[in-house]
Amino acid sequence: EETGEDENFEYGKGDFTEHACRYCGVQNPACVVRCNIPSCRKWFCNSRGNTSGSHIVNHLVRAKHKEVCLHKDSPLGETILECYNCGCRNVFLLGFISAKTESVVVLLCREPCLSVNALKDMNWDLSQWCPLIDDRCFLPWLVKVPSEQEQLRARHISAQQINKVEELWKTNPDATLEDLEKPGVDDEPQPVALKYEDAYQYQNVFAPLIKLEADYDKMMKESQSKDNVTVRWDIGLNKKRIAYFVFPKEDNELRLVPGDELRLRYSGDAAHPAWQSVGHVIKLTAQEEVALELRANQGVPVDVNHGFSVDFVWKSTSFDRMQGALKTFAVDETSVSGYIYHHLLGHEVELQIVRNTLPRRFGAPGLPELNASQVFAVKSVLQKPISLIQGPPGTGKTVTSAAIVYHMAKQGQGQVLVCAPSNVAVDQLAEKISSTGLKVVRLCAKSREAVMSPVEHLTLHYQVRHLDTSEKSELHKLQQLKDEQGELSSSDEKKFKALKRATEREILQNADVICCTCVGAGDPRLSNFRFRQVLIDESTQATEPECLIPLVLGVKQVVLVGDHCQLGPVIMCKKAARAGLAQSLFERLVLLGLKPFRLQVQYRMHPSLSEFPSNSFYEGTLQNGVTINERQSSGIDFPWPVPNRPMFFYVQMGQEEISASGTSYLNRTEAANVEKIVTSFLRSGVIPSQIGVITPYEGQRAYIVNHMSRNGALRQQLYKEIEVASVDSFQGREKDYIILSCVRSNEHQGIGFLNDPRRLNVALTRARYGIVILGNPKVLSKQPLWNSLLTHYKEHECLVEGPLNNLKQSMIQFQKPKKIYS
Amino acid sequence: EDSVQVRQKLVEVDPKEEEEFDRELRALMQESLESRKLELRARPTLNMMIPMNVFEGSKDSRTIEGESGEETIDEEGGSGGGNNKVRVKVLVKKGNKQQTKQMYIPQDCSLVQSTKQKEAAELEE
Ligand SMILES: [Zn+2]
Ligand SMILES: [Zn+2]
Ligand SMILES: [Zn+2]
């Protein structure tokens, strides 16, 4: 089976070395000693941190332990400290004396050996007994005090924490400091902070939040079993069985994506034994049909089509990798540079400049010319260890990122790692970077190797199959055999695996740039790679721990690209979201005072469409890189109320309803009018692929799809080709014409999803040529931002009502907004 | 290469915590002393001869250094122990065997004061 590798992999490889100080994590062998009490045997360092005594002395005093042993790599080697004369091991009694004439010293106990006068006659000087513990610290020349840098990067433990953990050790010697912080089952988790004392505190905050989200995700997905599923069978090009079936989407947040694992079951009948197999989703059709590639070909009941059951197979991989990254960040001091470490934790660091020779041109071969703000961003980023690039909609984020990666790769600092939270974004970026002529490898999760990719030729699995050298012929032969027979003999399988791993490694090592998702950066196949330069696109859509995965591979220079004025990461567990897991690292760095470089020229929207978003979300800084003429819909006869202003707000007074599932909303009147607008677009000569219908509610999305295909005035097929999606899933994409259905129309309740200004920003900035918004101004105008949007449309005579072929300006009164939007 | 300047807040140790810790530490020392006094009425036997080879070796220390002594010479000490450090031999017992290990001690440590003085005195003579 293919699952093996990842599941046996231990994340967070920077494991706590055994001899790390149990208080602060310092692990320099010259600085630590081991408590020699058999039931204890813990290591501690000789730094004071925030306490009056050094950590080892603290421990000995608090635990009333009195014996220690030096580390094997310390100057004296692995030595239990004891009186040279009597063997007493009580460190509180020990001290050094020296010989009278020679540079020879020994440890001697204060009582009784030091008071034996006869020693004087034996050439020992007893007048200068030098106690082992002095000023609440071990003699620093025997056990070194960790350097300032080491101490800064260690856990900052307080006296109270020491007392608590010592108390805990009395009943549970293996307890860790993390156990002190663990919230009880019903406790609210500790919220995220702006600054952290150290990476342990950081881990203490984020680890429980990731756990909460993982538990919720597991619970949600594993409850998604479906019975009575009808299956249609097929065989893929790789000879694997593919099952096609409809996995109806409830009105909840669960969305299948390619790469997800499902278990298909058949309970058996007179002619068939019970059967089950796990497979990967390789495709989702527009009709919501799932294509599942089965892992095993044997015993598949291909002559049966009805009565199957489907379960979701939850995998913890992505969460494990986040937890691993948090741990590595804390315990492995080579995981990120010192500058980045302190900056990420919000410590005040002296500004650092990366000394690299700057290129003469900031563009890159194969990419469009850069505009002034893009050049400025590329140039500045190349000189800084941490930078943020804010790319408002349509401002050429991908091109700018590709140019940055091109110049980084040319600096000869090793391979550049390029990540994004979503596979779509990674593919786009990989393609752009590859067009500069750099050698790019796109690393996909094993479960996604069968998923179609627009950059297939760049993927690692494709390159492994097509690397044409004579040494690889053995690998190819085995691959072919495996494809034909479905499996190999165990010795061949072993050989195949080894050859494949070696080839993968070789291809990865030869790349200039490796592209993968943030979670993909935790792939075991990259575990021995180090990346000094990392760029993360769409970073505002990733959680902090997710962003950390690509960083802890040795980063010294990091570029985060994103837009904190658009939607952030999706957190399903409300508790975790409330505690701040939905805040991206990009956002926190902005709050810490790191100013993003903003790309300022947008090439997407008709200038009339960009005006409101520019003023409301980007302080009016967004300039238009396209003219009105370039966004003229010539030959399209659509009833825009104001010619040259392809936008209107279509007043709707229909009621909202709760959808069948009880968790979402729909609005029939709006849906009916969406159909009319779509039909009008189609009649005027717009083709289906130019139109996107977006709405914040899954209930409305499903209702519109259904309604259009049943009641559309034109050919059914035309409506099927029109994409109807949630606002959130449309982030990062564009269409020529956008129809936005707001749904909410209830005087007494809030407007839910629509309240988030970032969602409105995304909704308003998807269209290139024109936008139609359907909503109830009476309800929406209570929210300040919507109020100003409505006012904007009204002032431009684009707030209309009435039948589509006879639109009239609406005189509807707005409500007073509740509070000022800031 | 990776140097970083971090502006940090001054660490302030809570005086109450300090006082309490000091009290516990002194109590532990006291208790240790008392227990020894009670335990060992008789004078201990002495087993403190400095082995002859240590003296011989002071001319050519390499011949008698403990196994693990040399490779771990303090980096700060640099070659030959640096300017302000004195090289000493630490005598330890491994089982019944005597061993010496090399170490560097700061020059101003009281432990090496008397040897220094003695050497100076000898030089004058
Ligand atoms: Zn202990
Ligand atoms: Zn410590
Ligand atoms: Zn003794």
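A:His59 counts as buried, with a relative accessibility of 1%, and A:Cys40 is buried too, at 12% (buried means under 20% relative accessible area with a 1.4 Å probe, protein chains only). This is a predicted model, where local features need pLDDT of at least 70, side-chain atom pairs count only at pLDDT 80 or more, and totals for chains, interfaces and linings use all residues. Residues are numbered from 1 along each chain as its sequence is written, chains are lettered from A and ligands numbered from 1 in the order written, and side-chain values use heavy atoms, without hydrogens and water.

Now for the metal. The zinc ion (ligand 1) is held by A:Cys35 (SG), A:Cys40 (SG), A:His59 (NE2) and A:His65 (ND1), at 2.0 to 2.3 Å; donors here are N, O and S atoms within 2.8 Å of the metal. Along the sequence, the donor residues follow C-x4-C-x18-H-x5-H. A:Cys40 sits in the loop between strands S1 (32–35) and S2 (43–45) of chain A, and A:His59 in helix H2 (residues 55–63) of chain A, so the pair ties together parts 19 residues apart in sequence (helices are DSSP runs of H or I with at least four residues, strands E runs with at least two).

Elsewhere, have a look at the second largest cavity, a set of points on a 1 Å grid where a 1.4 Å probe fits but cannot get out. Among its lining residues, which have an atom within 4 Å of a point, are A:Phe612, A:Met647 and A:Tyr793. Helix H19 (607–617) and helix H25 (784–795) of chain A each give two or more residues to that lining, and H19(A) gives the most, with four.

Definitions and conventions. Donors = N, O, S within 2.8 Å, 3.2 Å for Na, K, Ca; no water. Buried < 20%, exposed > 50% of the residue type's maximum accessible area, 1.4 Å probe, protein only. 1 Å grid on protein atoms, 1.4 Å probe; cavity = no way out; pocket = protein on both sides within 12 Å on 5 of 7 lines; lining within 4 Å.
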